[in-house]
Amino acid sequence: MTKQVELKATPFAETVWEKLSRIDVSEHTDNLPKTGKRPEISYLAWHKAWKLLKRTFPGSTYSHRPDLWHPDDTVEVEVDVVISDGTSNTQFTNAKLGVMDNWFNPIVNPTSRQINDARQRALVKAL
């Protein structure tokens, strides 16, 4: 018989959730119209997402992990985010994302630009 451990959020993690989940990002999103190469897309640009986080938690930082190249020459990126209010309070979050085209298909042998775009999308996903 295994003992179940109840995980409880720290008070700071609860504060992070309460503050960030209440931010209405609709006024910060951009839209790209549908074309023959992609569907219509509404998105939150990474620099806007980062600005919203830093306004609320100014001590926050992020870093990208090394890219993971798969045997089929597709790539997965990963980002770590440490949310901090500038004191010893921190909350860690992380996100992975494949390098994809405009139709969300994996890209074989992506360029540095495509990899960088995926890194910034992963940052928004983590936030």
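This is a short tour of two pockets in a predicted model.

Before selecting anything, note that numbering starts from 1 along each chain as its sequence is written. In this predicted model, local features need pLDDT of at least 70, side-chain atom pairs count only at pLDDT 80 or more, totals for chains, interfaces and linings use all residues, and side-chain values use heavy atoms, with hydrogens and water left out.

**Stop 1: the largest pocket**

Select Leu32, Ile41, Tyr43, Asp117 and Arg121. Of the 26 lining residues, these are the closest to the centre of the largest pocket. (A pocket is an open set of points on a 1 Å grid over the protein atoms alone, where a 1.4 Å probe fits, with protein on both sides within 12 Å along at least five of seven lines; lining residues have an atom within 4 Å of a point.) Its volume is about 720 Å³, meaning the space filled by probe spheres set on the points, which are joined across faces, edges and corners.

Now colour β2 (41-44), α2 (46-56), β6 (90-98) and α3 (112-126). Each supplies at least two lining residues here. (Helices, H or I of at least four residues, and strands, E of at least two, are DSSP runs numbered from the N terminus.) Which element gives the most? α3 does, with 9 residues.

By class, this lining has 13 nonpolar, 7 polar and 6 charged residues. (Ala, Val, Leu, Ile, Met, Phe, Trp, Tyr, Cys and Pro count as nonpolar; Asp, Glu, Lys and Arg as charged; the others, Gly among them, as polar.)

**Stop 2: the second largest pocket**

Select Leu20, Ser21, Leu53, Ala126 and Leu127. Among 17 lining residues, these lie nearest the centre of the second largest pocket. The volume of this pocket is about 360 Å³.

Show α1 (11-20), α2, β6 and α3. Each supplies at least two residues of this second lining. α1 gives the most, with 4 residues. The classes are 14 nonpolar, 3 polar and no charged residues.
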